[in-house]
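Me: I'd like to learn how to read a model of this kind. Could you walk me through it, feature by feature?

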Number of protein chains: 2
Amino acid sequence: MDIKILMQELSDKGEYADGVKVRLRDNNVFLINVMGSPGAGKTSLIIELIKSLRGEFNIAVVEGDIAGKVDAEKIDALGIPVIQLNLNGACHIEPISIKTILGYFDLDEIDIIFVENIGNLVCPAEFDIGEDMKIAVLSIPEGDDKVEKYPLLFTKSDVLVLNKYDMMEYFEFQDSKVVKDTRELNETSNIFRISTRTGREVEDLSRDIKNRITSKYN
Amino acid sequence: MDIKILMQELSDKGEYADGVKVRLRDNNVFLINVMGSPGAGKTSLIIELIKSLRGEFNIAVVEGDIAGKVDAEKIDALGIPVIQLNLNGACHIEPISIKTILGYFDLDEIDIIFVENIGNLVCPAEFDIGEDMKIAVLSIPEGDDKVEKYPLLFTKSDVLVLNKYDMMEYFEFQDSKVVKDTRELNETSNIFRISTRTGREVEDLSRDIKNRITSKYN
């Protein structure tokens, strides 16, 4: 399928996030902002969540990237509506772009939108895009000092995914340090220890998402 | 030792990079800008290069981070002069900060300064800081699509380090794809396949740095 590619608009106005929120609520859509480093495994995580949730929900995806559309092609191959947002040099997705993108989806036919933010631990955390849920993805090979070094993302996230957890034995990664650093910033985020290769805890995160949707819309 | 911590100044003026260059040349100092994702292994690479080069050169380090000073403490433990630059919310190091920092070092006593840029594949590539050499660090667990997705860094780098190369067997990473994507952007960068754990190709990169210093100053 031809993948729609949009260039990001830039605006200083945070107010667009509120417009997104209203639009989502009016259409019973739940929007999930997925953030993490380049190579943390955001696309693979979204793909596994799609597989787990698509029986119950209609899903769409927005892929934010500096260049190219390789991730969008992977989503498209699943038969899931996807829009590629090219970031026009910016290192984060702005709410005005999400507002524009919502116009390209048939929201009556969509229950969940995953937004894969640009691979970056800094800028995306600073911009609310009108999302219902923020997922921070930290992969084991990145090391256990990332919460301490990039606190904002982990402060603002509803869920922390420790990804590539099947790689624990090959890296010096202290799970307890990450939990301690996270809890100093954020008492309530749910932590999942996931491997998209083995399926470890994917269903648990899936259930967490379903619970949040239920509590928003029921 | 007490680690000096500076807050980044922000300026739109790229001209500071030229001032840095003049200052380096006047003092026979070679400045290396090390860039890559969070967790790509930049600090470990700098530490191995310090071990390899400190017999012949006096070395100093600048650690750029959003928050904290964990990396600076690792460098300090080696007895190497280090300044922590806290980035004041920015996602890159600006040349004006490097200009200020040069004033804190005794440049007569320094031959090489490593600058560890913030963990980020986007913004740091956009800012020259007056460096003599740009090293891009891409670790195997991040995946082989990063050159395609974040082209600017790889276009502008003098050296590409494929780091954590000892992890090749555990990840689906096509070395040839990365080489091909890199060569489309950059015909001349040298590529090293490094493991800081096993020491693989660290000496080769060390030799590359020595050659560049010789060709600048002899």
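Reply: Happy to. Let's begin where the chains meet: about 2,500 Å² is buried between chain A and chain B, and carbon and sulfur atoms give 58% of that area. Keep in mind throughout that this is a predicted model.

Me: What does an area of about 2,500 Å² between chain A and chain B stand for, and which three residues supply the most on the side of chain A?

Reply: The size of an interface is often given as the accessible area lost when the parts come together. Here, A:P38, A:K149 and A:Y170 supply 23% of the area that chain A buries against chain B, more than any other three residues.

Me: How many residues does each chain bring to the contact?

Reply: Chain A gives 32 residues, and chain B gives 32 residues.

Me: Which polar features should I look for between chain A and chain B?

Reply: Start with the charged pairs: there are 2 salt bridges between chain A and chain B. In one of them, B:D71 pairs with A:K149, with the closest N and O atoms 2.5 Å apart. Then turn to polar contacts, where the count between the two chains is 8 residue pairs, both residues being at pLDDT 80 or more. On the side of chain A that touches chain B, the elements giving two or more residues are helix 3 (70-76) and helix 5 (146-149). The residues on that side divide into 16 nonpolar, 5 polar and 11 charged.

Me: How are chain A and chain B related in space?

Reply: The general idea comes first: two copies of a chain are related by a rotation about an axis and a shift along it. In this model, a rotation of 180° with 0.0 Å of shift along its axis superposes chain A on chain B, with an RMSD of 0.0 Å. The two copies are therefore related as by a two-fold rotation axis. To find that axis from chain A, go to A:N120, whose C-alpha is the nearest to it in that chain at 2.9 Å. The same surface serves both copies, since 100% of the contact residues of chain A recur in chain B.

Me: Let's stay with salt bridges. How many are there over all chains?

Reply: A search of the whole structure finds 37. A good habit is to read each pair together with the accessibility of its partners. Take A:D145 and A:K146, which form a salt bridge with the closest N and O atoms 2.5 Å apart. A:D145 is buried, because its relative accessible area is 12%, and A:K146 counts as buried at 3%.

Me: And B:D128 with B:K134: is each one buried or exposed?

Reply: The side chains of B:D128 and B:K134 meet in a salt bridge at 2.6 Å, N to O. B:D128 is partly exposed, with a relative accessible area of 40%, whereas B:K134 counts as buried at 6%.

Me: Which residues does a network of salt bridges with shared partners join?

Reply: Begin with B:K149 and B:D145, whose side chains meet in a salt bridge at 3.6 Å, N to O. B:K149 counts as buried at 5% relative accessibility, and B:D145 is buried at 12%. Salt bridges that share partners join A:D71, A:K74, B:D145, B:K146 and B:K149 into one network.

Me: What surrounds A:S195, and where does it lie?

Reply: A:S195 lies in the loop between strand 8 and helix 8 (202-217) of chain A. A:S195 is buried, because its relative accessible area is 0%. A polar contact of 3.1 Å joins its side chain to that of A:D166, and the side chain of A:S195 also reaches the backbone nitrogen of A:T198 at 3.0 Å. Leaving aside neighbours within four places in sequence, A:S195 is in contact with A:N163, A:Y165, A:D166, A:R200 and A:V202.

Me: Which backbone angle is worth a look at A:N28 and A:K164?

Reply: Look at phi. A:N28 has a positive phi near 55° in a residue other than glycine, and A:K164, also not a glycine, has a positive phi of about 55°. A:N28 sits in the loop between helix 1 (16-26) and strand 2 (30-36) of chain A and is partly exposed, at 44% relative accessible area. A:K164 sits in the loop between strand 7 (159-163) and helix 7 of chain A and is buried, at 15%.

Key. Residues numbered from 1 in each chain as written. Chains lettered and ligands numbered in written order. Predicted model: local features only at pLDDT ≥ 70, side-chain atom pairs only at ≥ 80, totals over all residues. Heavy atoms only, no water. Contact = heavy atoms within 4.5 Å. Buried area = accessible area lost by both parts, 1.4 Å probe. Salt bridge = Lys/Arg side-chain N within 4 Å of Asp/Glu carboxyl O. Polar contact = N/O pair within 3.5 Å; in protein donor to acceptor, adjacent residues only side chain to side chain. Helix = DSSP H or I, 4+ residues; strand = E, 2+ residues; numbered from the N terminus. Nonpolar A, V, L, I, M, F, W, Y, C, P; charged D, E, K, R; others polar. Least-squares fit on C-alpha atoms with pLDDT ≥ 70 in both. Buried < 20%, exposed > 50% of the residue type's maximum accessible area, 1.4 Å probe, protein only.
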